[in-house]
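Student: I would like a close look at one part of this model, with the rest brought in where it helps. Please keep the account plain.

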Amino acid sequence: MTLESSFSLSQSSASGLGKASDAPAGGFSKYPVQKTSNELFYGPENGILKLFSDDLPSHSSFDFSENNFFPISIFGPSGSGKSELAKYLAERLVRLNSNSLTETIRFSVSDLFRDFIDAIEIDELDKFRQSLVSPNRLLLLDNFEELLTKPSLFDEIIYLLDHGRQLIITSSVHPADFVHLPYRITSRLLNGLSLPLENPSAETLLVVLQSEIQKYGSTISPEASRWLIDRTCSTIPGIKQCVSKLRIHLDFSNHIELSAVFKVLGQSSNHDFSLNEIAKIVAKKQRMKISDLKSQSRKQSFVLARGIAVYIARQIFQYKFDDIGKFFGNRDHTTILHAHRKFKKQIETDAELKKCFDDIYSTIRKKLKT
């Protein structure tokens, strides 16, 4: 079986896998929600993902040589899990092809554009290009639709598609719908695999919510789960934000009932803590001024402290990137998005930074409970 015949799937070809409309009257689908080995869930609304995940191990000898390069496009609405699927898929492909692929490089289009501009300024454009098309790298490019606003990157993407080895992109629409991109880009994407995703069903969201709560050693009642899904947690990122907010107010050593959830989220405003209050605590803990966090200085201590404040404002209190950017020195929302993603990666590997964040997070939790 060839790669194309195995993976050239469309929405219609997965129709037999079940849709949300196939759910019985009780509200739960007759098709089970399943989980990969990488905390990635899929329900009947994304049966294509099940076919893809189940079939991938049988192709343990993919040839990722130059002649067999093919792009993979994962597209769907916000909150459907595109980025997590892309990350999971990239990790599996690298493991299955350890002889030819050794690492994954992940960018958003905004990140790529920023590095492209830096390379031009220091006259290292050739070096930049070669780093992208290294034969042992799998490139993962998030938010591909952002390319529409960055035409100076068109030639670089064409170069990448012509000279690269393996590429995975995520976007909100099918590659065929990028009508304002050069045909040399869309035609190459359409020659690869296009994998559609839909927003998770309520049943999938319930499983994800329960799993997320269990990570912290707690359980949640069915009534509380359903209330959260129906009113505040309509996407998987939204679930993670809700759980973070609940952890501020509730003791996760106890079973979580609807009354406790409603007390925290039922009548609360969108933001329990102002941006100024967040900045004030971060600045005090880091022995600096709020004006330092808002400044345009690239001093490392300022950048790290600002990253903590941005992460808390977005991850815990769900402020919009635009609002965060305006508060912290009238920065563009893409700059704040980059700062958020960068800090999220740093905190996973830097123990000292994680300790610093936990200290600030603990102080905020205490203030909210007083």
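Student: Which side chains meet in a salt bridge at 2.8 Å, N to O?

Tutor: The model is a predicted one, and the pair in question is Arg129 with Glu156, whose side chains form a salt bridge at 2.8 Å, N to O. Arg129 belongs to helix α5, while Glu156 belongs to helix α6, residues 154-163; the two are 27 residues apart and link distant parts of the chain. Their surroundings can be read from accessibility. Arg129 has a relative accessible area of 22% and is therefore partly exposed, since the buried class ends under 20%. Glu156 counts as buried because its relative accessibility is 7%.

Helix α6 takes part in a second bridge. Arg188 pairs with Asp162, and the closest N and O atoms are 2.6 Å apart. Because Arg188 lies in helix α7, residues 183-190, and Asp162 in helix α6, this bridge ties together parts that are 26 residues apart in sequence. Here Arg188 is partly exposed at 26% relative accessibility, and Asp162 is partly exposed at 32%. The Arg188 and Asp162 pair also belongs to a wider arrangement: Asp162, Arg184 and Arg188 are linked in a network of salt bridges.

A bridge within one helix gives another case. Lys215 pairs with Glu212, with the closest N and O atoms 3.2 Å apart. Both residues lie in helix α8, residues 202-215, and they are three residues apart, about one turn of the helix. Lys215 is partly exposed at 46% relative accessible area, whereas Glu212 is buried at 8%. In total, the count of salt bridges comes to ten. As background, side chains of opposite charge can pair when their charged atoms come close.

Helix α5 also leads to a point of backbone geometry. The loop between α4 (109-121) and α5 (125-132) contains Asp123. The phi of Asp123 is near 60°, which is a positive value in a residue other than glycine. At 71% relative accessibility Asp123 counts as exposed, because the exposed class begins over 50%. A second residue with positive phi is Arg287, for which the angle is near 55°, and this residue too is other than glycine. Arg287 sits in the loop between α12 and α13 (290-294). With a relative accessible area of 81%, Arg287 is exposed.

The helix before the Asp123 loop, α4, packs against α16 at an angle of about 100°, with the axes 10 Å apart. The two helices are therefore roughly perpendicular to each other, since 65 to 115 degrees is the range for that class. On the α4 side the contact involves Ser110, Asp111 and Arg114, which meet Thr334, Thr335 and His338 in α16. By class, the residues of this contact of α4 with α16 are no nonpolar, four polar and two charged.

Helix α16 also packs against α14, again at an angle of about 100°, here with the axes 9 Å apart. This pair is therefore roughly perpendicular as well. From α14 the contact takes Leu304, Gly307, Ile308, Val310, Tyr311, Arg314 and Gln315, and from α16 it takes Ile336, His340, Phe343, Lys344 and Gln346. The contact of α14 with α16 divides into six nonpolar, four polar and two charged residues.

Both α14 and α16 contribute to the nonpolar interior. The largest nonpolar core has 34 residues, and those with the most contacts inside it are Ile278, Ile312 and Phe317. Two or more residues each come from α12 (275-285), α14 (300-316), α15 (321-327), α16 (333-349) and α17 (351-369). The largest share, nine residues, comes from α14. Apart from this core lies another, of 25 residues, including Leu112, Ala119, Ile157 and Leu189. As a general point, nonpolar side chains tend to be buried together in soluble globular proteins.

To return to the starting point, the bridge between Arg129 and Glu156 joins helix α5 to helix α6, and its partners are a partly exposed arginine and a buried glutamate.

Key. Residues are numbered from 1 along each chain as its sequence is written. This is a predicted model: local features need pLDDT of at least 70, side-chain atom pairs count only at pLDDT 80 or more; totals for chains, interfaces and linings use all residues. Side-chain values use heavy atoms; hydrogens and water are left out. A nonpolar core is a set of buried Ala, Val, Leu, Ile, Met, Phe, Trp, Tyr and Cys residues joined through side-chain atoms within 4.5 Å. Buried means under 20% relative accessible area, exposed over 50%, partly exposed in between (1.4 Å probe, protein chains only). Helices (H or I, at least four residues) and strands (E, at least two) are DSSP runs, numbered from the N terminus. A salt bridge is a side-chain nitrogen of Lys or Arg within 4 Å of a carboxyl oxygen of Asp or Glu. Axes are lines fitted to C-alpha atoms, for helices over the stretch in contact, and angles run from 0 to 180 degrees between N-to-C directions. Angles under 35 degrees count as roughly parallel, over 145 as roughly antiparallel, 65 to 115 as roughly perpendicular and the rest as oblique. Contact means heavy atoms within 4.5 Å. Ala, Val, Leu, Ile, Met, Phe, Trp, Tyr, Cys and Pro count as nonpolar, Asp, Glu, Lys and Arg as charged, and the others, Gly among them, as polar.
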